[in-house]
Amino acid sequence: MLKRIMAMILAIIFVLVVFPALISWADYLKKVPAYQFVVDGEVWFTIANRGALEKALTDYQQQYLEKVDPEAQVKKISFAQDVQFVPVEVRKDQIDPFEYAVERIYAVEDEAVEIIIKKGDNFWNLAKTYNITVADLEILNPEVDPHRIYPGDKLVVSPFNPVLDVMIELENTVLEAIPFTVQYQKNNNMFTHEKAIIREGTEGEKEVVYQITLRNGYQEKLEAIQETTLKEPTNALVRIGTRTTVYRGGRVNYGVVQGKRISSTYGWRIHPITGKRRFHDGLDIAANHGNSVYAYTDGRVIEAGWNGGYGNCVLIDHGNGLKTRYAHLSRINVKVGQKIKTGQKIGAVGSTGNSTGPHLHFEVIKNGKTQNPLNYL
Ligand SMILES: [Zn+2]
């Protein structure tokens, strides 16, 4: 009887204690299918749910598409590192928590370094200070125009560098302007400072296909692989003058004469005593008697000799409706009909005609009307 009771107690102990322990021990030793996430040959973690991890990896990669043109065609997204899922059989306790896997995927080696622009900063000196190239500075700050940075603006000087690098290959087609060129047409009826636009230029347009590789969102490679001209530019045509005039330099060199000062300007004058208004149609340059007088520009002498109040006077026709007069000369060195070069000596300063002292009366006549000579000298 006692033996039976003992056997029953043992059986109960076996059923209640030993058997479950054996089962849980067996369960503990039992292996389940899982995946090792291997990066460049190193096992980062082991997970059971491959689908969930793939989703986490895709989310991780997608964050770098946020600043990419939605119109761009994404060709490939990958990791710079060799990434593999290796199927394994492990004990349940050897499987890592999913949060740990996500933490490792998002791990960062270097955070981006951002600075605040100060007065006087520019891409060139900032690149020097932070020991990177100007080109790299532009790559790190694609939304910043290097010519328009202002104190207070932020600038990335060192890139965000995650442990797991995301490579994105994409293609984008953009419209770009084709600049026009300017053709020049020389014209000797116009002076060197004159310019006339005969035909405005217009920019052309082209479609450019770029092949781009991004590393963690930053441009690593950018190449134009195809260009299609949609509209040709039309070149501008500009007429430029080649004609020179005498050079006015220094305080007393008026070009047409070496003078002392301007003794009377062009325009209306009120006589201080009589109060009478009188129009002075030239520029009076006080100068030493006998100083050389020079031709304003190329032309032909049409008057040379005595002319009433002007005294000894030379009138030169420069063509294109332009004439210049030189009056009160003491001596005349040219003859009517003679061709004259810019700066050629035509006579000497005097005080002939209605003149109170040695000076050159210089007149500029355009299309029959006198002009203010100071606009020509
Ligand atoms: Zn005068």
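Which residues does His280 touch, not counting residues up to four places away in sequence? In this predicted model, His280 touches Ser264, Thr265, Tyr266, Gly267 and His361, where contact means heavy atoms within 4.5 Å. Residues are numbered from 1 along each chain as its sequence is written, and side-chain values use heavy atoms, with hydrogens and water left out. Local features need a pLDDT of at least 70 and side-chain atom pairs count only at pLDDT 80 or more, whereas totals for chains, interfaces and linings use all residues.

The overall form of the chain is described next. The secondary structure of the protein chain comes to 5 helices and 26 strands; helices (H or I, at least four residues) and strands (E, at least two) are DSSP runs, numbered from the N terminus. The radius of gyration of the protein chain is 46 Å, well over the 21 Å that the globule rule gives for 377 residues, so the chain is more spread out than a compact globule. The radius of gyration is taken over C-alpha atoms, and the globule rule is 2.2 Å times the number of residues to the power 0.38. Along its principal axes, the C-alpha trace spans about 170 × 45 × 35 Å. The chain is divided into domain 1 (31-109), domain 2 (112-159) and domain 3 (261-375), with bounds that come from an automatic or database domain assignment. Between the C-alpha centres of domain 1 and domain 3 there is a distance of 92 Å. Buried residues make up 33% of the 377 residues, where buried means under 20% relative accessible area, exposed over 50%, and partly exposed in between (1.4 Å probe, protein chains only). Among contacts between residues at least 6 apart in sequence, 69% join residues at least 24 apart.

The zinc ion has as its protein donors His280 (NE2), Asp284 (OD) and His361 (ND1), which lie 2.0 to 2.3 Å from it. Donors are N, O and S atoms within 2.8 Å of the metal (3.2 Å for Na, K and Ca), and sites may look incomplete because water is not among the atoms. Along the chain, these donors follow the spacing H-x3-D-x76-H. Distant parts of the chain are linked by the pair Asp284, in strand β18, and His361, in strand β25, which are 77 residues apart. Asp284 counts as buried because its relative accessibility is 11%, and His361 is likewise buried, with a relative accessible area of 5%. The remaining donor, His280, has its place in strand β17 (residues 277-280) and is buried at a relative accessible area of 4%. The side chains of His280 and Ser264 are joined by a polar contact of 3.3 Å, and the side chain of His280 also reaches the backbone oxygen of Gly282 at 3.0 Å. A polar contact is a pair of N or O atoms within 3.5 Å; within protein, one must be able to donate a hydrogen and the other to accept it, and residues adjacent in sequence count only if both atoms are side-chain atoms.

Nonpolar cores are considered next. A nonpolar core is a set of buried Ala, Val, Leu, Ile, Met, Phe, Trp, Tyr and Cys residues joined through side-chain atoms within 4.5 Å. The largest such core holds 25 residues, of which Val256, Tyr296, Tyr326 and Ile346 touch the most other members. At least two residues of this core are supplied by each of β18 (283-286), β21 (312-319), β22 (322-332), β24 (345-349) and β25 (359-366). A second, separate core of 24 residues includes Leu57, Ala72, Phe79 and Phe85. Leu57 is found in helix α2 (residues 50-62) and counts as buried at 6% relative accessibility. Leaving aside neighbours within four places in sequence, Leu57 is in contact with Phe37, Phe79, Phe85, Ile105 and Leu164.

Two residues that are not glycines have a positive phi, about 55° for Asn131 and about 65° for His328. Asn131 lies in the loop between α4 (123-129) and α5 (134-140) and counts as exposed at 70% relative accessibility, whereas His328 is found in strand β22 and is buried, with a relative accessible area of 5%. Arg325 also lies in strand β22 and counts as buried at 11% relative accessibility. The side chain of Arg325 makes a polar contact of 3.5 Å with the side chain of Tyr310.
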